[in-house]
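Open the model in your viewer and keep the selection box at hand. The tour below goes stop by stop.

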Amino acid sequence: MKIAILTSPNQWFVPYAKILNNKIISSELYFNHENIIKSYDIVFILSYHKIISKEYLKKNKHNIVIHASALPKGKGWAPMFWQILENKNRIPFTMFEVDDSVDGGDIYMQSELQLTGYELNYELRKKQANHIISMCLEFINNYHKYKNPAKQEGIETFYKKRTSKDSELDISKSITEQFNLLRIVDNDNFPAFFYINEKKYILKIEEASDENR
């Protein structure tokens, strides 16, 4: 099979897209869909942030996205992080075919990622990416089992896009009450923060090394 991987440049998934590229023999890695000239049996569209026109999609047999929710529930933005804020440690992932709706395509497979409840942002991203890689390899290795997708069924729900404002802590609540928020914040791009007396303070979190415990 001819396989391509498409992801956005300069963002968290790039190193993992390269790992997947190395695991799939003769696959090709792209950072812009407009650079895809050839036709492929499968294009894995992973953490890609541009809208792809039908002109590009129709070239390929399968155009596949993996979304961290049990579609049709949890469409939209940052579904894994929103579910962590809902105190969930079993995160469903859905592999589906791209269509012209929002996360509305036919489903190839669903699986779950089990979390411990203590991972921080970088660990969550690593586990998320490795689970996505495993799903892609499972699809390829058992293509006969997954090649015919099923329609989505059930009531759809949507998560909104997260912004820097969503990293604000509530100083009236305990750390324990807000630990899941601290787990998902990005220390560099969207750090946790709070206000006291109209002054803003940044709070960054990392797990202590063994010698500092």
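What follows runs from the whole chain to its cores and then to single residues.

**Before you click**

This is a predicted model, in which local features need pLDDT of at least 70 and side-chain atom pairs count only at pLDDT 80 or more, while totals for chains, interfaces and linings use all residues. Residues are numbered from 1 along each chain as its sequence is written, and side-chain values use heavy atoms, with hydrogens and water left out.

**Stop 1: the whole chain**

Show the cartoon. The chain has six helices and ten strands. These are DSSP runs numbered from the N terminus: helices are H or I with at least four residues, strands are E with at least two.

Now zoom out. The C-alpha atoms fill a box of roughly 60 × 40 × 30 Å along the principal axes. The radius of gyration is 19 Å, which agrees with the value near 17 Å for a compact globule of 213 residues. That radius is taken over C-alpha atoms, and the globule rule is 2.2 Å times the number of residues to the power 0.38.

Switch to the surface. The chain exposes about 12600 Å², and carbon and sulfur atoms supply 51% of it. Accessible areas come from the Shrake-Rupley method with a 1.4 Å probe; for residues, only the protein chains shown count as cover. Of the 213 residues, 44% count as buried. Buried means under 20% relative accessible area, exposed over 50%, and partly exposed in between.

Next, contacts. Among those between residues at least 6 apart in sequence, 59% join residues at least 24 apart. Contact means heavy atoms within 4.5 Å.

**Stop 2: the largest nonpolar core**

Select Phe44, Leu46, Met80, Phe93, Met95 and Phe139. In the largest nonpolar core, of 40 residues, these touch the most other members. Helix 4 (residues 121-141) gives the most to this core, with eight residues. Another core lies apart from it, with 15 residues, among them Ile36, Ile45, Ile52 and Leu57. A nonpolar core is a set of buried Ala, Val, Leu, Ile, Met, Phe, Trp, Tyr and Cys residues joined through side-chain atoms within 4.5 Å.

Center on Met95. Beyond four places in sequence, its contacts include Phe44, Ile64, Val65, Ile66, Tyr108, Met135 and Phe139.

Move to Phe139, in helix 4. Phe139 is buried, with a relative accessible area of 0%. Leaving aside neighbours within four places, Phe139 is in contact with Ile42, Phe44, Ile64, Met95, Tyr108, Met109 and Tyr146. Draw a C-alpha line from Phe139 to Met109: the two are 30 residues apart along the chain and 8.3 Å apart in space.

**Stop 3: backbone oddities**

Most residues other than glycine have a negative phi, and most peptide bonds are trans. Three places to check follow.

- Select Leu71 and Pro72. The peptide bond between them is cis, with omega near 15°. Pro72 sits in the loop between strand 4 (62-67) and strand 5 (75-76).
- Select Ser47. This residue is not a glycine, yet its phi is positive, about 55°. Ser47 is in the loop between strand 3 (42-45) and helix 2 (54-57). Its relative accessibility is 22%, so Ser47 counts as partly exposed.
- Select Asp103. Its phi is also positive, about 50°, although it is not a glycine. Asp103 lies in the loop between strand 6 (90-97) and strand 7 (107-114). At 15% relative accessibility, Asp103 counts as buried.

**Stop 4: Phe31 and Pro15**

Is Phe31 buried or partly exposed? Phe31 is partly exposed, because its relative accessibility is 31%. Look for it in the loop between strand 2 (28-30) and strand 3. Leaving out residues up to four places away in sequence, Phe31 touches Leu6, Thr7, Ser8, Pro9, Val14 and Tyr48. Now draw a C-alpha line to Leu120: 89 residues along the chain, and 27 Å through space.

Finish at Pro15, in helix 1 (residues 14-23). Pro15 is partly exposed, at 46% relative accessibility. Pro15 and Ala129 are 114 residues apart in sequence, but 9.5 Å apart from C-alpha to C-alpha.

Notes: Buried < 20%, exposed > 50% of the residue type's maximum accessible area, 1.4 Å probe, protein only.
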